[in-house]
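Dear colleague,

I am passing on the structure we spoke about, and below it you will find my notes. Please read them with the coordinates open beside you.

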Amino acid sequence: MTAIHPQPRPHSRIRWRTPITMVILLGILVGGGWWGWNSLVNSSAEPTCTEQKLANNRLVPKQVVLNVYNGGARAGSAGRVADALKQRGFNIDKIANEPKGDKVDVVALRGAAANAPEMLLVAGQLNQKAVMIADGRTDHTVDLVIGAGFGSVKLKGIPSVTVAPGTTVCLPVIHTPKPIPSGQNPN
């Protein structure tokens, strides 16, 4: 049987959706790569410490940023030690369990160098002799890791550490919280 009406020829439609999508995705990829490269090359990262000459050639607790970690002591010990050191003027940054999961017998101090003034100042607050670990950090903060054998801080720790006259010390940048203007949402 023959068809009464001839069948229409199929249209040769070009499907534009796929090429347009690919061009848009390629543009996003190139734009992201450009933004990433510019962020890497033109970094505006703040310095982690500033070189300063100390007044009276003495380093005092308010110039030291301290992290207190629990490395095997009873729960809450790091918080109690941090509170005691904060009352002496130290800037406490973190109070937590030891981030690497290491256990310490008594007490350990980690910092830029074993003889760095900030390390000696924190060591002067402790009743027990601390294991001094130099990790070469550039921000000059100090990690105090307390273990199960740690007793307490001294009733009266050393108030400052003397540095050689004319030497500069890299002091950590201390960020103070800025007040939120009234009427603005903090989030």
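Residues 20-37 are 100% helix and 0% strand in this predicted model, and the C-alpha atoms at the two ends of the span lie 26 Å apart. An unreviewed UniProt entry places the feature "transmembrane region" at these same positions, residues 20-37.

As for the chain as a whole, it holds 3 helices and 9 strands, which follow one another from the N terminus in the order α-β-β-β-α-β-β-α-β-β-β-β. Of its 187 residues, 30% are buried. Among the contacts with a separation of 6 or more, 78% are between residues 24 or more positions apart.

The sheet

An open sheet is formed by 5 strands in the order 4-3-7-5-6, with mixed pairing. Strand 4 (91-97) and strand 6 (131-134) are at its edges and have a single partner strand each, so that one side of each is left without a neighbour in the sheet. On average, and with direction ignored, neighbouring strands are turned by 20° against each other.

Two of the pairings illustrate the mixed character of the sheet. Strand 3 and strand 4 run parallel and are joined by 5 bridges, with Val-68 standing opposite Ile-95 in strand 4. Strand 5 (residues 107-111) and strand 7 (residues 142-146), on the other hand, pair in the antiparallel sense over 4 bridges, and there the bridge partner of Ala-108 is Val-145 in strand 7.

Strand 3 deserves a separate look. Of its 6 residues, 6 are buried, so the strand is largely enclosed by the rest of the structure. The cover extends to both faces, with Val-65, Asn-67 and Tyr-69 buried on one side and Leu-66, Val-68 and Asn-70 buried on the other.

Helix 2 and the core

Helix 2 (residues 77-87) lies across strand 3 (65-70), strand 4 and strand 7, and runs at about 175° to strand 4. Which residues of helix 2 are buried? They are Ser-77, Ala-78, Val-81, Ala-82 and Leu-85, and seen down the helix axis they fall within an arc of 125°, so they line one face of the helix. This fits a general property of the α-helix, in which residues three or four places apart point the same way because there are 3.6 residues a turn. The cover over the buried residues of helix 2 includes strand 3, strand 4 and strand 7, whereas the face turned away from the buried side carries the exposed residues Lys-86 and Gln-87. Helix 2 is followed by Gly-89, which has a positive phi near 110°.

The largest nonpolar core has 28 residues, and those with the most contacts inside it are Leu-66, Val-81, Leu-109, Leu-126, Leu-144 and Ile-146. Two or more residues are given to this core by each of strand 3, helix 2, strand 5, helix 3 (117-123), strand 7 and strand 9 (168-172), and helix 2 gives the most, with 4 residues.

Leu-109 shows how these parts meet: leaving aside neighbours within four places in sequence, its contacts include Met-119, Val-122, Leu-126, Met-132, Val-142 and Leu-144. One of these contacts, Met-132, is found in strand 6 and counts as partly exposed at 28% relative accessibility. Not counting residues up to four places away in sequence, Met-132 touches Leu-109, Ala-114, Met-119, Leu-120 and Ala-123. Met-132 and Gly-111 are 21 residues apart in sequence, and their C-alpha atoms are 8.0 Å apart in space.

Backbone points to check

Most residues other than glycine have a negative phi, and two positions are worth a look with that in mind. Asn-57 has a positive phi near 55°; this residue sits in the loop between strand 1 (49-53) and strand 2 (58-59) and is partly exposed, with a relative accessible area of 23%. His-140, in the loop between strand 6 and strand 7, likewise has a positive phi, near 60°.

With best wishes

Note on methods. Residues are numbered from 1 along each chain as its sequence is written. This is a predicted model: local features need pLDDT of at least 70, side-chain atom pairs count only at pLDDT 80 or more; totals for chains, interfaces and linings use all residues. Side-chain values use heavy atoms; hydrogens and water are left out. Two strands pair if DSSP finds at least two bridges between them. Axes are lines fitted to C-alpha atoms, for helices over the stretch in contact, and angles run from 0 to 180 degrees between N-to-C directions. Contact means heavy atoms within 4.5 Å. UniProt positions are given in the numbering used here, feature names are shortened, and annotations may be inferred rather than shown by experiment. Buried means under 20% relative accessible area, exposed over 50%, partly exposed in between (1.4 Å probe, protein chains only). The arc is that of the directions from the helix axis to the C-beta atoms. A nonpolar core is a set of buried Ala, Val, Leu, Ile, Met, Phe, Trp, Tyr and Cys residues joined through side-chain atoms within 4.5 Å.
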